[in-house]
Each structure stands twice: as structure tokens, then as C-alpha cells.
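Please open the model in a viewer and keep the sequence at hand. The tour below proceeds by selections, each followed by a description of what is found there.

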Amino acid sequence: MLSASRVSVSLGGRKVVDDVAVSAFAGEVLGVIGPNGSGKTTLARVLAGLLKPDSGEVSLGGQSIHAMHPSKRARSIAYMPQSATQHPFTALETVLMGRYPHLGRFGLEGLSDREKAREAMASTGTEEFAARQLDTLSGGERQRVLLARTIAQQGEVMLLDEPTASLDLRHQLSTMEIVRREVAARNIAAVVILHDLSLAGRYCDRLMLMSEGRVSAAGRPDAVLTSVNLRTAFDVETIVEPDPVTGRPHVTLLGASSDSALGNRVGEGVTVHLVCGAGSGRDLMHQLASAGYTVTACVLGQGDTDYETASRLGLEFVPSGPFSPIDDAQDAAHRGLVARADYVVLCDMAIGHNNLRNLSAARGAAKLLTIDGRPTNDLDYTGGEGGKAREQLLKQAQKVSREDLLRTLARRKREAT
């Protein structure tokens with residue numbers, strides 16, 4: 001429905017949007033993400049027809065939006081800015097402004113317009129603010145009123161610039177639920193600028209990642225929200241995994257890429273082997289791989305959180321069936337990984353009869369570190385055999401906290417050189 005081709009915009013002598021192409025289709029939510037200053041808001045204003053690009057074209061249904069009469073464009077494209085301008089109007093009057101493009105030159109709102117405004121306020125939970133001046137509302141309350149105005153406008157396209165800004169967690173979710181409901185009910189397109197990457201991954205059908213005025217990645221959320229893409233655009237290290245409830249991409253921030261323990265590839269040339277399971281190695285796999293270490297892992301059963309993480313990251317490990325005991329071939333393969341590793345890290349994993357041989361293999365480590373986490377008694381499900389094996393390993397290992405593991409490895413590497 002809405003498309004832009006080769007759009008470029010310069011402001012103050014700086015090109016803030018550079019040769020951008022984007023399309024938004026009926027029935028979908030397109031999320032636009034990217035760091036501050038990447039050109040998202042400028043692009044939204046261009047798509048809304050509020051700013052004419054230096055070059056390129058924006059069309060709606062095949063017609064240039066800049067050639068449209070402003071009233072027709074306003075009936076077609078409903079734009080929600082980041083924040084409301086100061087004015088003395090009530091919340092209801094503000095929402096009714098969304099109906100102005102549908103009125104005649106000297107027309108007044110009719111019963112139908114007021115009904116649509118009331119319905120929009122009901123859907124956004126802002127009915128109670130109807131008689132209050134907009135200036136007396138909190139930032140989050142004003143955001144919800146602006147969303148109601150955008151809905152009342154009944155455009156074929158909704159352009160929403162950070163609609164969840166200033167909202168608490170509940171209203172962030174409800175706002176995106178409302179957007180999806182509007183898109184589905186009226187078969188319209190929505191373009192939403194978001195800073196919360198997990199929210200974008202959960203609610204958007206497609207994502208467009210902007211960086212320095214250009215599109216650096218576009219497509220399905222799971223293709224755009226990758227650690228590599230986010231490192232390039234935001235200069236941060238992240239964990240991106242399927243949400244356990246929705247299955248959609250969920251982003252966990254680890255830290256800035258400039259952090260010496262994460263971002264400068266201090267681990268290149270060093271292999272770290274993890275003896276883990278049941279999610280005890282999940283975060284370490286991400287952190288170590290992000291820091292440049294070659295990461296391997298022990299025998300992991302299918303369905304285990306660490307199995308899934310290692311598979312997703314492309315790490316070398318020994319796969320096993322779900323809840324299966326370790327056989328001789330798997331044990332031999334695991335011992336080979338231990339022998340190759342510069343460091344072996346024993347995580348605070350649950351110990352059962354099926355993974356006892358992982359502990360036995362760890363005895364062959366040249367340099368053994370152990371995560372100082374849960375006590376052995378809380379981890380042993382073997383009746384004592386596993387706890388005894390773990391305690392023996394602790395005697396030859398250096399204890400480190402999860403938070404200090406990368407710093408310890410980096411310090412050892414510096415000392416060795």
C-alpha cells in the first residue's frame with residue numbers, strides 16, 4: 001500500500017536518510033528499529049508527507065503522496081508523532097482532531113465522528129481522560145490519547161513514531177496489541193518505530209534496521225534481530241533467542257561492544273570448553289563467542305536449553321538423545337574436546353545419572369575453572385555419586401563467578417603474553 005524508493009534527505013548539511021527503500025503492505029505491521037540518529041523519525045515524516053525528500057519518491061496505492069491534496073493524504077495516512085505539542089484542548093477534543101480530514105471545509109463533527117472518537121478512546125483505555133486537558137496528563141497518558149487520535153483518523157496506513165515511549169510495561173503490550181488488532185480488523189498497514197527490540201520481534205511481521213541513515217537489514221524479525229546485526233548497528237553485544245512463550249525473537253543486552261571483555265575479540269585463538277547443561281552454560285556461550293573465543297561444549301541431550309543454544313550458535317558439542325545416558329562413543333568424543341581446549345569451565349549444572357560421564361571427562365582438563373554458583377548439594381540428583389565427583393573436580397579448579405569469567409580469561413591471556 002505504501003512504498004518509498006531511493007529516498008534521501010539532508011538536514012543541516014548532513015544526510016540523515018540515504019537512499020532508503022521501504023514497502024508496507026495491507027494486513028501487516030512493519031517495525032523500524034535502529035539507534036538514535038539513524039534517520040527513523042525523518043523517514044517517518046517523509047512517509048507521512050510532512051517532509052519532502054531531496055530525492056526519491058513515496059507513493060500510496062501507486063499515487064505520489066506529495067501530489068495528493070493534503071486532506072486526501074490525511075484521510076489515507078494517520079501519523080502519530082513521538083509526543084504531543086502543548087495545547088489547552090481536552091483529550092476528547094484532541095482525539096476528535098483525527099476526524100478533521102473527513103469533514104468538509106467548514107464542517108463540524110457529527111454524531112458519527114464523536115462515536116468513532118469515543119470508540120478509539122475506549123480501545124486505548126483513555127475514556128476517563130475525555131474531559132481533562134491534555135497538558136494535565138502524564139507522558140504515558142498523552143501517548144495513549146495520541147494513539148486514540150490516530151485510530152480515530154481511520155487511515156489506510158498508520159505511521160507510529162515510538163508509540164510505546166513513556167508507557168509502563170502493561171501499556172506497552174496493550175498498545176502493540178491494539179495496533180495489531182486495528183491492522184487485522186481493517187486490513188490496513190502499520191509502520192511502527194520502536195526502541196524495544198524484543199517488543200519489535202514479538203509484534204512486527206517484518207523489521208527494517210536502520211543505521212547511519214541507511215537500511216542495514218530488512219526482513220523477518222528472526223533474520224533481522226541477530227547478534228551480528230545488532231552489534232553492527234548499536235555497538236552492543238546481545239543474546240537473541242526465541243521467547244519461551246511466544247517463540248518470537250527475544251533480545252537480552254549483555255553490554256557495549258567497547259567493553260574489553262566483550263567487544264574487542266580478546267578471545268581469538270583461545271578455546272574454552274563448557275561442561276554444562278539445563279541452561280547453566282547458555283549465557284556463557286553467548287558471551288564467550290561474542291568475545292572471540294572458540295567455544296565447545298560437552299555431551300548435551302536434545303531438548304536441553306544448552307543443546308538448543310549451542311546449535312543456534314553453531315558451536316561444536318557432542319549431541320545426544322533426550323535424557324539418554326552417555327555412551328562410549330560420546331564419551332570419547334567429549335574427552336577429545338576437553339583435550340583440545342585451553343580452558344575447561346565446569347558450570348553449576350544439575351547432575352543426574354545420564355550426565356555423570358561429563359564430569360569424569362572434565363578431569364582431563366589442562367586448566368579447569370568452575371563457576372562459583374549453587375552448592376553441590378543443590379545440584380546432585382544421583383544420591384551422592386555426582387556430588388562426590390563434582391567436589392573432587394572443585395579441588396583442582398579455580399572458582400570464578402559468572403560475572404568475572406571473561407575478565408579472568410582475558411587477564412590470563414595477557415599474563416601469558
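Begin with strand β9, residues 206-211, together with β10; the two pair in the antiparallel sense over five bridges. Within this pairing, methionine 210 stands opposite valine 215 of β10. Please bear in mind throughout that the model is a predicted one.

**The six-stranded sheet**

Extend the selection to the whole sheet around these strands. It is an open sheet of six strands with mixed pairing, in the order β6-β7-β8-β3-β9-β10. The edges are held by β6 (77-80) and β10 (214-219); each has a single partner strand, so one side of each is left without a neighbour in the sheet. On average, neighbouring strands of this sheet are turned by 15° against each other, direction ignored.

Next, select β6 by itself and display its side chains. Ile77 and Tyr79 point one way from the strand, while Ala78 and Met80 point the other way, and all are buried. Adding β7 shows a parallel pairing with β6 over four bridges. Here isoleucine 77 stands opposite valine 157 in β7.

**Helices α5 and α6**

Select helix α5, residues 139-153. This helix lies across β6 and β7 (157-161) and runs at about 175° to β6. Now add helix α6, residues 169-186: the axes of α5 and α6 come within 12 Å and cross at roughly 0°. At that angle, α5 is therefore roughly parallel to α6. To view the contact itself, select Arg144, Leu147 and Ile151 in α5, which meet His171, Thr175, Ile178, Glu182 and Arg186 in α6.

**The loops beside these elements**

Threonine 124 is the next stop, in the loop between α4 (111-123) and α5. Is this residue buried or exposed? With a relative accessibility of 7%, threonine 124 counts as buried, because the cut-off for that class is under 20%. Leaving out residues up to four places away in sequence, threonine 124 touches Arg144, Leu147, Ala148, Ile151 and Ile178. For a view across the model, select valine 338 as well: its C-alpha atom is separated from that of threonine 124 by 57 Å, and the two residues are 214 residues apart along the chain.

Two further loop residues deserve selection for their backbone angles. Most residues other than glycine have a negative phi. Glutamine 154, in the loop between α5 and β7, has a positive phi near 60°. This residue counts as partly exposed, at 28% relative accessibility. Glutamate 162 lies in the loop between β7 and α6, and its phi is also positive, near 55°. At 16% relative accessibility, glutamate 162 counts as buried.

**The nonpolar cores**

Select Ile33, Val95, Val179, Val192 and Leu225. These are the residues with the most contacts inside the largest nonpolar core, which has 44 residues. Helix α5 gives the most to this core, with six residues. Then centre the view on valine 179. Which residues is it in contact with, leaving aside its neighbours within four places in sequence? They are Val29, Met158, Leu160, Ala190 and Val192. Apart from this core lies another, of 30 residues, among them Ala4, Val16, Ile65 and Met208.

**The four-stranded sheet**

Move to a second sheet, in which four strands are arranged in the order β2-β1-β4-β5. This sheet is open and its pairing is antiparallel. At its edges stand β2 (14-24) and β5 (63-64), each with a single partner strand, so one side of each is left without a neighbour in the sheet. Select strand β1, residues 2-11, with β2: seven bridges join these antiparallel strands. Serine 3 stands opposite serine 23 in β2. Finally, add helix α1, residues 40-47, which lies across β1, β2 and β4 (55-60) and runs at about 125° to β1.

**The aromatic pair**

The last stop is a pair of rings; the model has one aromatic pair. Select tyrosine 307 and phenylalanine 317, which form an edge-to-face pair at 5.2 Å centre to centre, with 80° between the planes. Tyrosine 307 belongs to helix α11 (residues 305-313) and phenylalanine 317 to strand β15 (residues 316-320), 10 residues apart. Both tyrosine 307 and phenylalanine 317 are buried.

Conventions. Residues are numbered from 1 along each chain as its sequence is written. This is a predicted model: local features need pLDDT of at least 70, side-chain atom pairs count only at pLDDT 80 or more; totals for chains, interfaces and linings use all residues. Side-chain values use heavy atoms; hydrogens and water are left out. Two strands pair if DSSP finds at least two bridges between them. Axes are lines fitted to C-alpha atoms, for helices over the stretch in contact, and angles run from 0 to 180 degrees between N-to-C directions. Contact means heavy atoms within 4.5 Å. A nonpolar core is a set of buried Ala, Val, Leu, Ile, Met, Phe, Trp, Tyr and Cys residues joined through side-chain atoms within 4.5 Å. Buried means under 20% relative accessible area, exposed over 50%, partly exposed in between (1.4 Å probe, protein chains only). Rings of Phe, Tyr and Trp (its six-membered ring) pair if their centres lie within 6.5 Å; planes under 30 degrees apart count as stacked, over 60 as edge-to-face and the rest as tilted. Angles under 35 degrees count as roughly parallel, over 145 as roughly antiparallel, 65 to 115 as roughly perpendicular and the rest as oblique.
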